[in-house]
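Please give a short briefing on how the strands, helices, buried cores and aromatic rings of this protein are arranged, with the cut-offs behind each term.

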Amino acid sequence: MACFLIGVSCNVEAQSSSAPPVSRITRPDIILQGNITYANRQTYKEVPFLVPPDITRVSVEFSYTEHDKHTHLDLGILDPQRFRGWSGGNKSFFTISETDATPSYLPGLIPAGRWTLLIGVPNIEHGVESHYEAKVTLGHRGDVPAISTFSRAPLREGPSWFRGDFHMHDAHSDGSCLSQSGKKVPCPLYKTVEAAAAHKLDFIAISDHNTISQYNDERELQPYFDQLLLIPSREITTFEGHANVFGTTDFVDFRLTTSQVPDIGHILREVHDLHGLFSINHPNAPTGAACMGCGWSVPNTNYRLVEAIEAINGASADGPDSGIPFWQDKLNHGFRITAIGGSDNHDAANPVRSSSGVGHPTTVVFAQNLSERAILDGVRAGHVFVDADGSDDRAMALTAELGGQKAMMGDTLNAAQGAHIALHLSAKSVPGSYPEWIVDGKVTTPTGDSWETGHGFLQDFEYVSDGNRHWIRANIRSTNGRLLLLGNPIYLNF
């Protein structure tokens, strides 16, 4: 997507409510080096290294010289107890963790002790000496990936608005679809990823209930789907509410009200310590035997540790199940929480434009690049709007200026009493629509000018500050009043 929305530049500086986590994965912990000669031809060289206690991931980047002289080296690894994989000459990098591993390798616990890098030597010529180097990085619980969990580089460089879906299920929980013979079966994860790619989404988060087994499949699929970012997630499903956790593959105990997890604060603090992002799902959904805990009723929730709320789940943009009133109530209580959307898709074969299809709704995030870190930082900053119908191109932008201060959705302006704030709203691909301005949860008629622009519009709004805390946002609605686009607020004096 272009880096402009209806003439609004994407380079407005972010003023995030919380600083992004800093990666602890910056350089290799161990470097293994050596030489291979003709004497090693058609043998296996064992290169040991020690893994200390409390390690949750081992990653190896391998390189060697003299490729142009018909030197070929293969790669594998043993842990202190068992064989963990062999990729031969087809991979120069692999990673192994408790939850996921590069194809060719086995996920599982990372035992402390003597690990062995296996170097096979199918060929090296007489008189040739090849130098190899293996950079070993050791991960710890709570480490933040430098870029993404399943990709070592951004899938797309440069700031832009990226479209995605934050909530979906597959065979790793209760997702189902029809088999080749027409039977209802657990739906393979790749079917969901295929559906998202067909919808031309930029990112998705597979959020299976409480489990983390899906991450191994995602690591296998990410290299092939190199235009669709896969963000690790899971839906924490309790008897009193559901929530998605993004950005960590570490296990989070979901057994709320047990001795292991006595209150929601335990989960919130653990997610915070893991640098994950906690988002409450479908908070106003009915709860009962059919869907225990679907509505959020968890007592003593510390909303300062809640970074997002699923304001739109599937087709619930309007009506009694909408999460928007719940979200706006938290804004009115002084919490800066980002509204997002999620399809909650349970069948990848559902039509894309259907109420439960993948990408319906679509959450659109302004981020510095297409990577896990950047997308989640964009959500934390509130640089988000939600396309309720999951279209390909509907868009909106809300900006504000006061003196030398500039803000976009999610940012804060400091506005003294009597200050005149100039707000500018633009929308595209929404013919026949109209804007709905909301201040502190109340629909407000703006004072300013408006222009139609073919399939969209521009509108100005001048707001005079009283010096107190407020929030201002906008929706785009169709001529019959149906919500098309939901915008996050610009905050005053928060």
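**Strand pairing around Trp437**

Strand 26 and strand 27 (residues 442–444) pair in the antiparallel sense over three bridges, where strands count as paired if DSSP finds at least two bridges between them. Helices (H or I, at least four residues) and strands (E, at least two) are DSSP runs, numbered from the N terminus. This is a predicted model, in which local features need pLDDT of at least 70 and side-chain atom pairs count only at pLDDT 80 or more, while totals for chains, interfaces and linings use all residues. Residues are numbered from 1 along each chain as its sequence is written, and side-chain values use heavy atoms, with hydrogens and water left out.

- In the hairpin of strand 26 and strand 27, two residues lie between the strands, and Asp440 takes a positive phi near 55°.
- Strand 26 (residues 434–439) also pairs with strand 30 (residues 470–477), in the antiparallel sense and over six bridges.
- Trp437 stands opposite Thr444 in strand 27, and its bridge partner in strand 30 is Ala474.
- Trp437 and Phe461 form an edge-to-face aromatic pair, at 4.7 Å centre to centre and with 70° between the planes; rings of Phe, Tyr and Trp (its six-membered ring) pair if their centres lie within 6.5 Å, and planes under 30 degrees apart count as stacked, over 60 as edge-to-face and the rest as tilted.
- Because Trp437 lies in strand 26 and Phe461 in strand 29 (residues 457–464), the pair ties together parts that are 24 residues apart in sequence.
- Both Trp437 and Phe461 are buried, a term that means under 20% relative accessible area, with exposed over 50% and partly exposed in between (1.4 Å probe, protein chains only).

**Helix 3 and the nonpolar cores**

- Helix 3 (residues 264–273) has Ile264, Gly265, Ile267, Leu268, Glu270 and Val271 buried, and what covers these buried residues includes strand 15 (229–237), strand 16 (242–246) and strand 17 (277–280).
- At the N-terminal end of helix 3, Asp263 acts as a cap, with a side-chain oxygen 3.1 Å from the backbone nitrogen of Gly265, whereas just after the helix His275 takes a positive phi of about 65°.
- The largest nonpolar core, a set of buried Ala, Val, Leu, Ile, Met, Phe, Trp, Tyr and Cys residues joined through side-chain atoms within 4.5 Å, has 35 residues, of which Phe278, Trp296, Trp327 and Leu486 touch the most other members.
- Elements giving two or more residues to this core include helix 3, strand 17, helix 4 (324–332) and strand 31 (483–487).
- Leaving aside neighbours within four places in sequence, the residues in contact with Phe278 include Ile264, Ile267, Leu268, Val271 and Trp296, contact meaning heavy atoms within 4.5 Å.
- Apart from this core lies another, of 32 residues, among them Val364, Met396, Leu402 and Tyr463.

**Further aromatic and charge–ring contacts**

- The count of aromatic pairs comes to 17.
- The rings of Tyr303 and Phe335 have centres 5.8 Å apart and planes at 50°, so this pair is tilted.
- Tyr303, in the loop between strand 17 and strand 18, and Phe335, in the loop between helix 4 and strand 19 (338–342), are 32 residues apart.
- Tyr303 counts as buried at 13% relative accessibility, and Phe335 counts as buried at 17%.
- Phe62, Tyr64 and Tyr132 are linked into a cluster by ring pairs.
- The charged end of Arg152 sits over the ring of Phe93, 3.9 Å from its centre, the rule being that NZ of Lys or CZ of Arg is within 6 Å of the ring centre and within 35 degrees of the ring normal.
- Lys330 lies over the face of Phe326, at 4.0 Å from the ring centre.

How values were computed:
Polar contact = N/O pair within 3.5 Å; in protein donor to acceptor, adjacent residues only side chain to side chain.
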